[in-house]
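Let us walk through this protein from its empty spaces to one of its helices. Keep the structure open beside the text as you read.

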Amino acid sequence: MFPPNYLKRRWFLRDCGLGLAGIAANSLLAREASATASPAITGGTPRSHFPAKAKRVIYMFQAGAPSHLELFDPKPELTKRDGKLPPPELLYGYRAAFIKPNSALLGAKYKFTRHGASGMEISELLPHTASIADDLCLIRSMQTDAVNHAPAQILMNTGSQQFGRPSFGAWTLYGLGSECEDLPGYVVLTSAKGTSGGASNYGCGFLPTSYGGVPFRSAGDPVLYLSNPRGIDAAAQRASLDTLNELNRLALGDAGDPEISARIDAYEMAYRLQTSAPELMDLSQEPKPILEMYGIKDVKEASYARNCLLARRLIERGVRFVQLFHEAWDQHGNLTKAIKENCQNTDQASAALVKDLKQRGLLDDTLVVWGGEFGRTPMVQGGNDGRDHHNRCFTMWVAGGGFKKGHIHGETDELGFNVVRDAVHVHDLNATLLHQLGFDHEKLTYRFQGRDFRLTDVHGHVVKSVLA
């Protein structure tokens with residue numbers, strides 16, 4: 001039984017003043033934090049630390065992990081040793097999910113040839129990408145920590161294998177804001193199937209929700225329920241939205257919760273999207289030569305090529321970050337046929353996007369990134385025609401945004417198993433991309449749960465040798 005004083009309101013107000021003061025102080029600090037934690041998505045002051053080389057990003061994420069050995073990293077010695085066991089010292093201390101000690105080496109079945117003034121060697125599977133060799137910075141020495149798809153994808157996109165961290169796109173939007181009032185600042189386009197890492201690949205984590213990626217559908221309304229239901233005209237919708245926003249503003253003034261402000265912004269963005277999104281998605285406006293360059297035969301048919309063209313249209317309208325996800329590259333078996341199909345579905349449009357940006361004067365200040373979450377093993381897996389996951393080395397390329405053109409960075413050993421020169425970890429790549437956007441990756445932080453977080457966690461350095 002509690003003493004009578006424990007139940008008296010006057011006693012609580014008189015003797016617990018410090019507690020109430022603490023509650024009030026916390027409330028005021030929360031409101032102050034919500035007001036200063038982030039500038040407006042549009043019109044706010046960017047958090048840049050120095051002049052940027054790039055203003056926006058298009059990230060073509062090839063989920064499932066393309067084989068560097070079939071596409072970008074020629075290994076004649078591996079071809080010579082096809083069917084033979086790897087050297088014992090190569091596998092010392094090595095563990096993989098499906099690779100056994102007696103797994104033979106697998107040589108690439110496709111030829112590599114040199115292209116452009118740079119003489120960059122690229123597989124015959126990628127004739128269109130080969131045509132832009134002199135615009136590419138090819139990084140053959142990528143490394144990552146994770147060996148399974150979901151954690152590796154999340155690490156690549158958020159800097160951590162754990163759920164709940166902001167994505168690279170969210171950090172970019174948080175730092176730069178958006179130049180567009182009628183479309184989200186960060187748009188996600190998916191082809192093939194959904195990624196293993198799911199929404200964590202483009203989420204906002206602990207940043208305000210307005211910085212997260214907004215998925216657009218490839219067919220129909222780009223966002224579900226974008227069209228008004230029957231009986232609701234524009235005037236009725238505007239009136240109901242004004243009333244809802246007023247209620248939310250009252251709640252914001254009372255609670256000071258930044259998520260309420262984000263909710264207001266989301267409702268207003270959805271309203272504006274009803275006009276801007278249909279116009280954006282209408283590719284019939286594009287000239288026939290442009291559609292042919294991307295390989296688009298039906299402007300309404302969902303495809304990777306359609307998403308590439310939409311990416312260009314999005315950044316032209318001021319969208320800061322566009323991310324394409326195409327999960328189709330996980331060839332544990334049937335590698336020879338499947339990777340050829342993958343390239344047929346993606347090669348032309350990927351190269352067309354770079355060419356299109358270049359001819360419109362947009363490439364120099366746009367970062368175009370192509371790559372997956374890790375590479376594939378030199379040893380065979382899945383019978384006699386497949387490769388396992390491999391995190392020790394893989395290849396990515398970057399075009400525009402102040403990266404060197406026609407440049408090859410890094411080198412792997414003669415079997416494509418280990419990096420032997422100029423390794424680039426995922427954290428290093430992210431630090432370098434942020435640098436080109438005008439940020440010191442160690443200073444672009446957000447305080448959460450008592451400490452400052454950043455995209456590169458406690459790692460990463462800028463790879464200056466890939467920068468022009």
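Four cavities of 30 Å³ or more are found in this structure, which is a predicted model. Rolling a probe the size of a water molecule over the atoms shows where empty space is left. The largest cavity holds about 50 Å³ of space.

Which residues line the largest cavity? One group in the lining is Pro66, Ser67, His68, Leu71 and Phe72. Further along the chain, Trp370, Gly372, Phe374, Phe394 and Thr395 also belong to the lining. Two elements, α3 (68-71) and β11 (394-399), each give two or more residues to it. Now sort the lining of the largest cavity by type: six residues are nonpolar, four are polar and none is charged.

Next, turn to a pocket. The second largest pocket has a volume of about 240 Å³. Its lining consists of 16 residues. Nearest the centre of this pocket are Gly295, Ala305, Cys343, Gln344 and Asn345. Three helices supply at least two lining residues each: α5 (127-130), α11 (304-316) and α12 (335-359). Which of them gives the largest share? That is α12, with six residues. By type, the lining of the second largest pocket has seven nonpolar residues, eight polar ones and one charged.

Now find helix α13, residues 426-436. Why is this helix described as largely enclosed by the rest of the structure? Ten of its eleven residues are buried, so the rest of the structure largely encloses it. Here a residue counts as buried when its relative accessible area is under 20%. The buried residues of α13 start with the run Val426, His427, Asp428, Leu429 and Asn430. Ala431, Thr432, Leu433, Leu434 and Gln436 are buried too. What covers them? The cover includes two helices, α6 (149-158) and α7 (168-176). It also includes the strands β4 (136-143), β8 (366-371), β11 and β15 (424-425). You have met β11 before, in the lining of the largest cavity. Just after α13 comes Gly438, with a positive phi of about 100°.

Finally, step back to the whole protein. It has 13 helices and 17 strands. Of its 468 residues, 50% count as buried. Look also at contacts between residues at least 6 apart in sequence: 78% of these join residues at least 24 apart. The accessible surface comes to about 21300 Å². Carbon and sulfur atoms account for 53% of that surface.

Terms used:
Residues numbered from 1 in each chain as written. Predicted model: local features only at pLDDT ≥ 70, side-chain atom pairs only at ≥ 80, totals over all residues. Heavy atoms only, no water. 1 Å grid on protein atoms, 1.4 Å probe; cavity = no way out; pocket = protein on both sides within 12 Å on 5 of 7 lines; lining within 4 Å. Points joined across faces, edges and corners; volume = space filled by probe spheres on them. Helix = DSSP H or I, 4+ residues; strand = E, 2+ residues; numbered from the N terminus. Nonpolar A, V, L, I, M, F, W, Y, C, P; charged D, E, K, R; others polar. Buried < 20%, exposed > 50% of the residue type's maximum accessible area, 1.4 Å probe, protein only. Contact = heavy atoms within 4.5 Å. Areas by Shrake-Rupley, 256 points an atom, 1.4 Å probe, with all protein chains shown as cover.
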